[in-house]
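Thanks for coming, everyone. I would like to spend a few minutes on some backbone details, so please keep the display in view while I talk.

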Amino acid sequence: MGTGKRGLLAAALTVVCAVAVLAAPGTALAAPVPPQDTGPAAGTSPKPVPDKDLEQVREKLDKLYHDAAVATDAYNAAEEKTKKQSAELVSLAKKIVAGQRKLAQLKDQAGAAAREQYRTGGVPPTAQFLLSDDPDQFLDGAGLVLQSQQAANHLIGERTDTQQQLQDYASDAAAQWKKLDTDRKAKASAKKKIQQQIDAAKKLESSLEEKQRQRLAQLEQKAALKAQTAWLDTGILDRIHGKASAAGEKAVAFATAQLGKPYVWGAAGPDSFDCSGLTSQAWAAAGRPIPRTSQEQWKQLKHIDVKDMRPGDLVIYFDDASHVALYIGDGAIIQAPRPGRSVTVAGAGSMPILGVVRPDA
């Protein structure tokens with residue numbers, strides 16, 4: 001193996017071994033914890049928001065948290081990719097180590113053969129049979145020489161193949177490392193955007209007086225109730241009669257047990273969840289693993305007409321599939337709504353429905 005190849009192999013092995021450490025339990029890839037809101041800077045007072053502008057504040061907050069949800073989905077997607085790539089690099093590391101050991105063994109065998117040839121003066125013991133005047137010994141010796149030649153050719157071929165495999169593994173490791181680095185950067189970018197949106201929302205909320213915050217909460221409830229009522233007024237519940245599957249019942253039971261736990265972006269339990277963290281874990285508990293993000297759940301799972309949905313199905317919200325909840329029946333969902341809130345029950349029609357998907361179709 002040339003110097004360039006050895007250098008690439010050594011670098012790849014260093015990379016994959018480092019990734020193996022990073023992928024070990026308790027290191028890296030943990031769900032982030034958003035920083036605590038410290039409120040306005042010391043010595044300053046938030047500029048009060050006129051009551052007449054509270055509806056605009058509500059709409060602004062909805063947009064900020066929606067954008068944070070989109071960024072959270074991007075973060076979760078990048079997180080899943082880095083986990084997969086880390087696992088692939090660890091696998092490559094094991095193959096490289098095994099290949100190096102095999103190559104060392106083949107080199108030892110080749111060295112032993114060379115030393116034996118030198119010891120016998122350049123004539124292998126099997127070839128010495130050819131010098132015999134005995135016909136039987138001559139024929140036996142010819143067969144042994146042929147076997148020896150075949151073994152030598154096999155050894156050379158196996159060594160060449162092993163060197164090529166190591167080179168391929170090293171190239172794969174280098175390519176996987178580039179992908180891992182790209183997705184880590186995507187994670188960092190998404191994380192930054194999430195914090196920007198959440199910080200802006202907290203800053204806006206901190207500008208409100210206590211009474212205004214209570215009024216804002218009422219406006220949020222009113223908007224959700226209005227949307228839910230409009231959805232129910234279509235008569236949709238009269239057409240929804242689906243009964244939960246056994247797996248769906250398990251998913252609903254899991255989600256119900258999480259009620260009251262806080263929303264934390266990037267979290268998938270056991271103590272906190274984001275929206276798709278809750279739905280993916282609910283279905284994992286039901287024995288049916290599904291994609292981690294709401295967008296991938298929408299892309300990969302079977303689409304169901306709203307009128308045909310049943311408890312356990314996932315309701316996907318907004319045109320960009322940035323939110324997801326678990327349908328529990330009677331026009332209700334369990335969801336992890338947004339930062340500052342907890343896992344709760346809400347109306348299935350309280351947000352714009354993009355569609356419904358079924359994990360166990």
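Asp 330 is exposed, with a relative accessible area of 77%, where exposed means over 50%, buried under 20% and partly exposed in between, using a 1.4 Å probe and protein chains only. Please bear in mind that this is a predicted model, in which local features need pLDDT of at least 70 and side-chain atom pairs count only at pLDDT 80 or more, while totals for chains, interfaces and linings use all residues. Residues are numbered from 1 along each chain as its sequence is written, and side-chain values use heavy atoms, with hydrogens and water left out.

Although Asp 330 is not a glycine, its phi is positive, at about 55 degrees, and the residue sits in the turn of a hairpin formed by S3 and S4, which has two residues between the strands. Strands here are DSSP runs (E, at least two residues) and helices are H or I runs of at least four, numbered from the N terminus. Three bridges join S3 to S4 in an antiparallel arrangement, given that two strands pair if DSSP finds at least two bridges between them, and Gly 329 stands opposite Ala 332 in S4.

On the other side, S2 and S3 also run antiparallel, joined by four bridges, with Tyr 317 opposite His 323 in S3. In the loop between S2 (314–317) and S3 (323–329) lies Ala 321, whose phi is positive too, near 55 degrees, but Ala 321 is buried, with a relative accessible area of 3%. As for S3, six of its seven residues are buried, so this strand is largely enclosed by the rest of the structure.
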